[in-house]
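Here is a short set of exercises to work through with the model open beside you. Try each task before you read its solution.

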Amino acid sequence: MTASSVVSDSSAEGKVFPRIELAIVQMDVSIAEPAHNCERMLGFLREAASHGARLVVFPECALSGYCTSSLEETRKLAAPIVNPWYQKLQAACAELRIYAIYGQLEIESQTAGIDELPVYNTAVAIGPRGVIHTYRKTHLPFIGADRFTSYGAGPLSVFEIEGVRIGLLICYDGGFPEPSRVLAIEGADLILLPTNWPTTAQVFAAHACQMRSMESTVFFASSSRVGIERDVRFIGQSRICSPLGHEMTAADDQSEAILYATIDTKLSRTKHLIRTAGESEINRVADRRPELYAALAVAHNSPRAGGRPAPAIETH
């Protein structure tokens, strides 16, 4: 952000705005090896904490791996939120007094009746005192484990860590402008996207974060993975973008890395952007025309890949 880019409106003057030091982890993941993945995550967690990070974000399915080949295998790799690896990660958060967000395949129980239970692609936010928030992926492509997972029911909601308001999405969710906009309207300062981008997602990886951040004047960060899993190569390109859509920092398409940035909510909460007072001013939240968008909320019957059934729609 340059001095000529934007002048904040006067309503922000004198206010105290929360800030948090963010770390985005780009890493390789081993499928069906949650103990190994957890140990590597603990190492990244400690390294990020040593650099002053307060919130550390890991990729989609960082615990479980992603490229499953059947519903049976997907269920086998899924675990409840509270599991042995969660216990280790949460203990580290308590010791280091930090917060972490990571992805896993989730099933509500591993006891009787497992064959009847749905599996979800889930992101979990934890801190020194335990689970803070969970989010189940709401938009599902017909790829990898998502061929066998169930739709998250939502709602799209915001939670707080140290006063910073955070929204969670997972991978494919970020390719739709609507969920990010909903989170922004709900008050998100920062939207986080744990993801597994394959080679076919080059355009998505290169541009989605910038667009989602600029559209709603929020920070937007993706935590992607690298490496090869069952002949699928993942392309990394994790990044953190400012509320003006500028790239603050980014990783390459092959290397493990940790990206760092300060999330200053003064920037995300100043929606009225004044370039030249009285001549050039915009507010991408206030300038919306929701009365024109009714078609976005109408249920549709478009065919889904792989014959996937539509998510259930509640009627009242």
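**Exercise 1. Helices at the largest pocket**

Which helices each supply at least two residues of the lining of the largest pocket? Keep in mind as you look that this is a predicted model.

*Solution.* Step 1: go through the lining helix by helix; α4 and α5 each supply at least two residues.

Step 2: look at the shares. With 6 residues, α4 gives the largest share of the lining of the largest pocket.

Step 3: add the space and the centre. The largest pocket holds about 1,700 Å³. It is lined by 40 residues, and those closest to its centre are His139, Glu178, Pro179, Leu296 and His300.

Step 4: sort the lining by class, which gives 26 nonpolar, 7 polar and 7 charged residues.

**Exercise 2. How α4 and α5 meet**

Describe the packing of these two helices, from the angle down to the residues.

*Solution.* Step 1: take the axes. Helix α4 covers residues 177–185 and helix α5 covers residues 202–216; their axes come within 10 Å and cross at roughly 40°.

Step 2: name the arrangement. Roughly parallel would need an angle under 35 degrees, so α4 and α5 are oblique to each other.

Step 3: give the hand. The crossing of α4 past α5 is right-handed.

Step 4: list the contact. From α4 come Pro177, Ser180, Arg181 and Ala184, while α5 brings Arg212, Glu215 and Ser216. By class, this contact has 2 nonpolar, 2 polar and 3 charged residues.

**Exercise 3. A second helix pair**

Now treat α1 and α3 in the same way. How are their axes arranged, and which residues meet?

*Solution.* Step 1: the axes of α1 (residues 34–50) and α3 (residues 84–96) come within 10 Å and cross at roughly 10°.

Step 2: the limit for roughly parallel is an angle under 35 degrees, and therefore α1 and α3 count as roughly parallel to each other.

Step 3: on the α1 side the contact uses Pro34, Ala35, Cys38, Glu39, Met41, Leu42, Leu45, Arg46 and Ala49; on the α3 side it uses Trp85, Lys88, Leu89, Ala92, Cys93, Glu95 and Leu96.

Step 4: by class, the contact of α1 with α3 has 12 nonpolar, no polar and 4 charged residues.

**Exercise 4. The other spaces**

Characterise the second largest pocket and the largest cavity.

*Solution.* Step 1: the second largest pocket contains about 250 Å³ of space. Its lining has 17 residues, with Tyr66, Ile143, Asn196, Pro198 and Thr200 nearest the centre.

Step 2: by class, that lining divides into 12 nonpolar, 4 polar and 1 charged.

Step 3: turn to cavities. The count is 1 cavity of 30 Å³ or more, and the largest cavity has about 70 Å³ of space.

Step 4: read off its walls. The residues lining the largest cavity are Ala32, Pro34, Leu63, Ser64, Leu77, Ala79, Asn83, Trp85, Gln104 and Leu105; they divide into 7 nonpolar, 3 polar and no charged.

**Exercise 5. Backbone checks**

Find where Pro155 and Thr217 lie, and describe the backbone at each.

*Solution.* Step 1: recall the background. Most residues other than glycine have a negative phi, and most peptide bonds are trans.

Step 2: the peptide bond from Gly154 to Pro155 is cis, with omega near 0°. Pro155 sits in the loop between β6 (130–136) and β7 (158–161).

Step 3: Thr217 has a positive phi, near 55°. Thr217 is in the loop that lies between α5 and β10 (219–223).

Notes:
Residues are numbered from 1 along each chain as its sequence is written. This is a predicted model: local features need pLDDT of at least 70, side-chain atom pairs count only at pLDDT 80 or more; totals for chains, interfaces and linings use all residues. Side-chain values use heavy atoms; hydrogens and water are left out. Axes are lines fitted to C-alpha atoms, for helices over the stretch in contact, and angles run from 0 to 180 degrees between N-to-C directions. Helices (H or I, at least four residues) and strands (E, at least two) are DSSP runs, numbered from the N terminus. Angles under 35 degrees count as roughly parallel, over 145 as roughly antiparallel, 65 to 115 as roughly perpendicular and the rest as oblique. A crossing is left-handed if the near helix is turned anticlockwise from the far one by less than a right angle, and right-handed if clockwise. Contact means heavy atoms within 4.5 Å. Ala, Val, Leu, Ile, Met, Phe, Trp, Tyr, Cys and Pro count as nonpolar, Asp, Glu, Lys and Arg as charged, and the others, Gly among them, as polar. On a 1 Å grid over the protein atoms alone, a cavity is a set of points where a 1.4 Å probe fits but cannot get out, and a pocket is an open set with protein on both sides within 12 Å along at least five of seven lines; lining residues have an atom within 4 Å of a point. Grid points are joined across faces, edges and corners, and a volume is the space filled by probe spheres set on the points.
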